[in-house]
Each structure stands twice: as structure tokens, then as C-alpha cells.
Amino acid sequence: MLNFRNITLRRGARVLFSNATFSLHNGQKIGFTGANGAGKSSLFAMVRGELHADEGDFSMPPNLAVAHVAQEMPAVECRALDYVMDGDVELRQLEAQLKEAEQSHDGLKQAELHAALDVIGGYSAASRAARLLDGLGFTAPKMQQAVNSFSGGWRMRLNLAQALMCRSDVLLLDEPTNHLDLDAVLWLQEWLGYYTGTLLLISHDRDFLDTITDHIVNIEQGRADIYTGNYSDFERMRAEKLAQQQTAYQKQQREIAHIQSFVTRFKAQATKARQAQSRIKALERMELIAMAHVDSPFNFVFPAPKKMPNPLLTLDEVSIGYSDKIILPNVSLRIAAGDRIGLLGSNGAGKSSLLKTLAGELTPLLGERREAETLNMGYFAQHQLEQLHLDESPLWHFQQIDKQATEKELRNFLGGFDFCGDKVVDIVKPFSGGEKARLVLALLVYQNPNLLLLDEPTNHLDLDMCHALSVALQDFQGAIVVVSHDRHLLRSVTDTLLLVSHGKVVPFDGDLDDYRALLNDQKRQNESIANTQDTNNKIEVVSRKDQRKLDAERRQKQKPLLDALKKAESAVEKYHAKQRELELQLAQSDIYADSEKERLRDVLERKIHVDKALDEAEQTWMALQEQMDIGN
């Protein structure tokens with residue numbers, strides 16, 4: 001259990017939040033939300049012991065294994081697979097001790113260490129690390145490459161895999177999807193669903209939070225409050241809470257106005273003076289209710305394009321690639337006015353290369369790229385953050401693209417992206433990744449494009465900004481082509497999906513749930529192919545008829561185990577649902593009234609039984625899953 005009691009955290013003179021009191025229990029999956037700079041990462045640093053509370057007490061049981069994703073970019077020469085295995089600290093310690101015992105020919109010690117390795121699954125550690133790397137997009141050859149041969153984004157994936165490799169009691173993930181494509185996000189989502197420890201997660205991805213979390217800690221207005229349920233549950237409960245707060249605020253304001261009116265009218269009259277003084281004291285004693293406030297600091301729209309030619313941009317039998325390496329041959333694509341296209345496909349399939357070609361940053365190796373005479377394109381990609389002038393201000397950047405605009409006009413526009421006051425004239429260099437991304441988006445919006453090309457536009461943005469961007473894109477009257485791992489954004493702003501896969505760009509006839517099903521099918525097919533490799537690692541080509549026969553035989557052998565696994569999964573889901581139902585009851589304030597003591601005792605007793613039953617059901621499921629893995 002992680003206990004937070006009256007915690008206050010400050011950054012310099014500014015209070016991030018104060019008097020935060022809540023407890024996080026074993027097995028819970030907690031999402032942390034709030035604007036950039038609200039204190040989420042600072043709270044994580046406190047859990048890791050890198051930061052101490054300015055006031056209050058934080059405690060957790062000793063010897064808990066806490067895992068987190070290192071932010072440093074590793075530049076070591078060891079294999080990627082070995083680097084990930086380093087995440088299992090106990091494994092590496094036992095291996096080092098075993099090596100010493102072998103060198104000293106201590107047979108008894110060797111036997112003890114081999115037994116200890118067997119207990120922690122040490123002999124399957126390499127396989128476990130390989131599955132993590134495979135899920136995060138590393139091919140088998142890449143697993144053997146040196147860590148320092150990878151780019152920064154891939155090294156961050158290695159850090160994530162290393163954190164997942166740790167057999168942790170508490171796992172801290174701060175924006176883990178920022179360097180992942182949609183395929184890897186879907187895999188990570190499934191992996192975290194089976195994680196048995198306590199998960200603390202910061203993410204701007206609504207779908208990711210909704211699927212994984214069962215509690216939300218929201219930090220805003222200098223408070224940190226915990227809610228039971230996933231992100232959608234939190235939004236609903238917060239809306240209800242704010243509506244009640246606003247009603248109470250308005251009622252109190254009417255009461256204050258009434259008392260103040262009485263005091264103003266009668267304080268000078270001797271017969272009413274005592275009553276007036278009594279009301280003045282009542283006002284002084286009154287604990288003021290704050291006005292409900294959830295207004296987003298972001299308020300911007302895309303202006304209507306001045307011209308909308310049709311088509312805007314055309315690729316005619318274009319071959320896309322680098323030097324003599326063609327990634328996507330013979331691509332023909334016509335972007336018309338009003339098109340809203342989302343690109344799907346695994347990392348490395350060519351989505352970003354296609355966007356660069358559309359943007360004119362990558363010259364086609366073959367074929368023709370044609371753009372309309374009045375095309376006004378806005379292109380957002382992560383490398384553009386690096387093209388900002390770090391020693392200049394946001395205001396300076398805008399003055400370079402519009403020398404006729406007044407400072408007041410530019411300040412008003414920048415305010416819609418939460419660049420206010422001195423922030424407008426501060427240099428960009430110390431800005432966070434989210435602030436730099438907002439500035440690039442602001443520059444893009446200001447130039448009034450009629451075609452938007454967006455490559456992972458939500459990376460580094462907080463949930464409020466993601467929502468504001470989604471709303472603005474929904475109202476955008478031009479055409480959009482977007483690559484994003486944020487499923488909420490894709491659902492909100494696109495109506496056509498193109499699949500970039502195996503050197504082709506083809507329409508995808510389905511939605512994002514169908515795409516997830518497609519990935520699962522491909523994974524099963526890949527596993528089936530891998531299982532048919534011969535001793536020379538050559539793939540044996542199996543006819544469809546023979547493959548169906550093999551699959552049928554395998555399913556028949558595994559049927560009793562599959563039935564037991566489904567039964568165990570059903571039990572886990574049932575007890576999870578009961579647990580959430582009881583937690584929702586315990587989250588209601590009326591259950592703690594004196595008249596409800598019996599009901600409270602009953603709910604607590606039922607929760608103890610449900611928690612125990614859930615733990616047993618999860619242990620059963622894990623044992624069966626291990627048998628399935630061995631069988632496969």
C-alpha cells in the first residue's frame with residue numbers, strides 16, 4: 001500500500017498541490033491526470049525517493065520493488081536483448097553469484113543458486129525479454145544489435161522493455177506511449193492488463209487510460225483527488241461534482257448578497273445594529289465555496305481556408321524511399337478537398353515516409369508528385385520541434401511570419417495556446433516538450449492551411465490540449481492526413497483509413513477495433529510460422545489444408561486447457577466487476593453516516609472476501625497461462 005497523508009509539493013515558490021490524502025493498494029491500476037506542470041511527474045519522483053514532500057507524509061512498505069522507465073538515452077555496446085534482461089536485477093545478481101560459485105568449484109552453492117534461478121524463472125528470462133522486444137516492434141535480428149546502434153526513439157523503447165522486464169511490485173510509467181506506434185500501444189495495453197502489481201500511469205491517451213485504469217488521481221486547482229473507475233468514469237464523476245459545487249456556490253452567493261444587503265441597509269439604525277453585527281460575524285465565519293472551474297486554458301480554431309482547390313495534392317505511381325532502397329513502390333494517392341485520412345501500419349512500414357513525400361520533404365524516387373497552385377500546406381512532425389529558434393521567444397517566431405501583425409494581436413492569438421504574460425517573450429530553450437509542440441502547432445494554425453499533414457501531433461501534449469486539438473480538427477474545413485497512436489484522435493477526426501503494410505498503401509475496410517483484430521490474427525500467423533521452422537531456421541511451407549489440420553489437432557489437444565483458461569478468465573472478470581461495484585459503494589459519502597454502520601460493515605466484509613477470491617482466481621489464471629505458453 002502507498003499512503004499519501006496531507007502531502008504538499010512545491011516547485012520553487014509555486015504550490016503544485018496541497019493536503020493530498022489517498023492510499024493506493026496492491027493490484028490497483030491508477031491513472032494520473034492533470035495539465036503539464038501540475039505535479040504528476042513530481043509525485044512519481046517522490047514515490048521513487050528522488051523527491052521529498054514539502055509537507056505531509058508519504059509511506060510504503062519496505063523492500064517493494066519499484067520499476068520505472070529511465071529517461072537517460074543508453075549508449076552501451078551490449079545486445080538489446082541483454083540490456084532488457086538487465087531489468088531483472090535479481091536475475092543478474094543470481095547469475096553473478098553463480099559465476100563466482102563455479103569459479104570457486106562450490107557445488108553446494110551452485111545447486112542452491114540453480115534452484116533460486118528456477119524459482120524466479122531465470123531459465124526462461126531470455127524468452128521473456130524476447131517477447132517484450134517483439135511486442136515493442138523489435139525484429140529478431142534487431143534484438144541482437146548493440147544498443148548504441150539504435151536511434152533515440154528506439155532506445156526509449158528499450159528502456160520501457162527493461163522496466164517491464166523487472167518483476168516489480170510497483171510500476172511507474174510516465175507517458176509510455178510517446179515513442180510507440182499504434183501497434184506497440186495496443187500490445188502494451190494488453191500486457192499491462194495482465195500486470196499483477198500496482199501500476200501508476202501518466203498518459204494523454206484517453207483510450208489507453210480507459211482500458212487499463214481502475215482509479216484516477218486528478219491534479220488540478222492545487223488539489224490531488226482520487227476517483228474510482230477509469231478515465232470516462234472520472235470525467236462523469238468530476239462533472240457531477242463540479243455541477244454540485246457550482247450549485248452550492250450560487251446558493252451561497254445569493255445568501256451572502258442577502259446578508260450584505262441587510263447589513264448595508266440597517267447597520268446605521270440603532271434598533272437593527274445588533275442584528276447587523278451578528279450578520280457581519282456570520283459572513284466572517286462562513287467558509288467560502290470556490291466557483292467551479294474546469295475551463296481549458298486552450299481556445300483556438302483553424303480559420304476557414306481562403307481557397308480550396310480540388311484535388312489538393314496527387315501522387316501518381318510514386319516510389320518512396322531513400323537512395324536505392326524503395327519502401328513503398330507505385331503509390332497513387334489523390335487528396336481531395338474535405339478528405340480526412342488516417343494512416344495505419346506498423347513502425348517502419350513507411351507511414352512517416354509517405355507523409356514526408358506528401359509534404360515535399362522527401363523527393364520521390366520514381367513517379368510524379370503534383371500539388372494545386374493554391375495549396376497551402378501545414379506539416380507537423382516531431383523533428384520540427386528541433387527547428388525552433390531556442391534563443392528566441394514565441395512572439396519573435398510569429399513576428400517572422402507576419403511582420404504586419406501588432407504585438408497585441410499576436411499575444412491574443414498565443415493566449416489561445418496558453419502562452420500568456422511573460423511566457424510570450426520568454427526564450428524557447430527551457431520550454432518543455434509539450435510547450436514546444438504547442439508552439440509549433442500554433443505557428444501551423446496561424447498560417448491558415450488548406451491541407452494538414454500531422455505525424456504524431458499529440459506526443460508530449462496533456463489531455464486538455466489533446467482535447468482542444470481534437471475539437472479544432474473536427475471543425476477544420478480543409479483536408480487532413482494524420483498518423484497517430486492516439487485512437488481517440490483518430491476516431492474523432494478521420495473518416496477514411498489507409499493501411500500502409502508490406503510495401504502497399506491500400507484502403508482499410510474497417511475501424512480501429514478491426515485493425516486490432518487484424519494485428520492479433522497476424523501475430524497468431526507469425527507464431528504458427530515460427531513453430532514450423534526446421535533446425536536450419538528455414539521456414540517450412542505448409543499447405544493451407546495441412547495447416548488447418550495441424551491447427552485442428554493443436555486445438556483438440558489444448559481444448560481442456562483452453563476451457564479451464566476461459567473459466568478462469570471469466571472468474572477474474574466476475575470478481576473484478578464485484579470489486580469495482582463494492583469500491584464504488586465505498587466511494588459514496590453517505591455510507592459512512594452513523595445510521596449506515598451495518599451496511600458499511602457488510603460491504604467491507606464482502607470486499608475482503610472478493611479481494612481474496614480475485615487473488616486466487618488470478619493465481620489460477622496465471623498458472624494455466626504458463627501451461628499454455630509451455631504447450632505452445
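Arg 223 is partly exposed, with 46% relative accessible area. Its salt-bridge partner is Asp 225, the closest N and O atoms of the two side chains lying 2.7 Å apart. The structure containing this pair is a predicted model. The chain has 632 residues, of which 43% count as buried, and its secondary structure comprises 20 helices and 18 strands. The points below treat the chain as a whole, then its salt bridges, and then a few individual residues.

**The chain as a whole**

- About 33800 Å² of the chain is exposed, and carbon and sulfur atoms supply 49% of that area.
- Among contacts with a separation of 6 or more, 69% are between residues 24 or more positions apart.
- A search of the whole structure gives a total of 21 salt bridges.

**Salt bridges**

- Side chains of opposite charge can pair when their charged atoms come close.
- In the pair of Asp 225 and Arg 223, Asp 225 counts as buried because its relative accessibility of 17% is under the 20% cut-off.
- Asp 513 and Arg 491 also form a salt bridge, and here the closest N and O atoms are 3.8 Å apart.
- This second pair links distant parts of the chain: Asp 513 belongs to helix H18 (residues 512–530) and Arg 491 to helix H17 (residues 487–493), with their positions 22 residues apart in sequence.
- Asp 513 counts as exposed because its relative accessibility is 51%, and exposed means over 50%.
- Its partner Arg 491, at 43% relative accessibility, counts as partly exposed.
- A further salt bridge joins the side chains of Glu 596 and Arg 599, with an N to O distance of 2.7 Å.
- Glu 596 is partly exposed at 24% relative accessible area, and Arg 599 is likewise partly exposed, at 33%.
- Elsewhere, Asp 88, Glu 90, Arg 128 and Arg 167 are joined into one network by salt bridges that share partners.

**Asp 183, a charged residue without a salt bridge**

- Asp 183 is part of helix H8, which covers residues 182–193.
- Asp 183 is buried, yet it has no salt bridge.
- The nearest side chain of opposite charge belongs to Lys 351 and is 6.3 Å away; Asp 183 therefore does not pair with Lys 351, since a salt bridge requires the nitrogen and the carboxyl oxygen to be within 4 Å.
- The side chain of Asp 183 does make a polar contact, at 2.5 Å, with the side chain of Tyr 515.
- Beyond its neighbours within four places in sequence, Asp 183 is in contact with Gly 345, Ser 346, Tyr 515 and Leu 519.
- Tyr 515 thus appears both as the polar partner of Asp 183 and among the residues in contact with Asp 183.

**A nonpolar patch on the surface**

- Ile 326, Leu 365 and Leu 366 make a nonpolar surface patch of about 250 Å².
- One of these residues, Leu 366, lies in strand E13, which covers residues 366–371.

**Lys 612 and Tyr 575**

- Lys 612 is located in helix H20, which covers residues 597–631.
- Lys 612 counts as exposed because its relative accessibility is 55%, and exposed means over 50%.
- Lys 612 and Tyr 575 are separated by 37 residues in sequence, while their C-alpha atoms are 9.5 Å apart in space.

Methods: Residues are numbered from 1 along each chain as its sequence is written. This is a predicted model: local features need pLDDT of at least 70, side-chain atom pairs count only at pLDDT 80 or more; totals for chains, interfaces and linings use all residues. Side-chain values use heavy atoms; hydrogens and water are left out. Patches are made of residues with over 30% relative accessible area and no salt bridge: like charges are joined within 9 Å, nonpolar side chains (Val, Leu, Ile, Met, Phe, Trp, Tyr) within 5 Å. Accessible areas come from the Shrake-Rupley method with a 1.4 Å probe; for residues, only the protein chains shown count as cover. Helices (H or I, at least four residues) and strands (E, at least two) are DSSP runs, numbered from the N terminus. Buried means under 20% relative accessible area, exposed over 50%, partly exposed in between (1.4 Å probe, protein chains only). Lys and Arg count as positive and Asp and Glu as negative; His and the chain ends are not counted. A polar contact is a pair of N or O atoms within 3.5 Å; within protein, one must be able to donate a hydrogen and the other to accept it, and residues adjacent in sequence count only if both atoms are side-chain atoms. Contact means heavy atoms within 4.5 Å.
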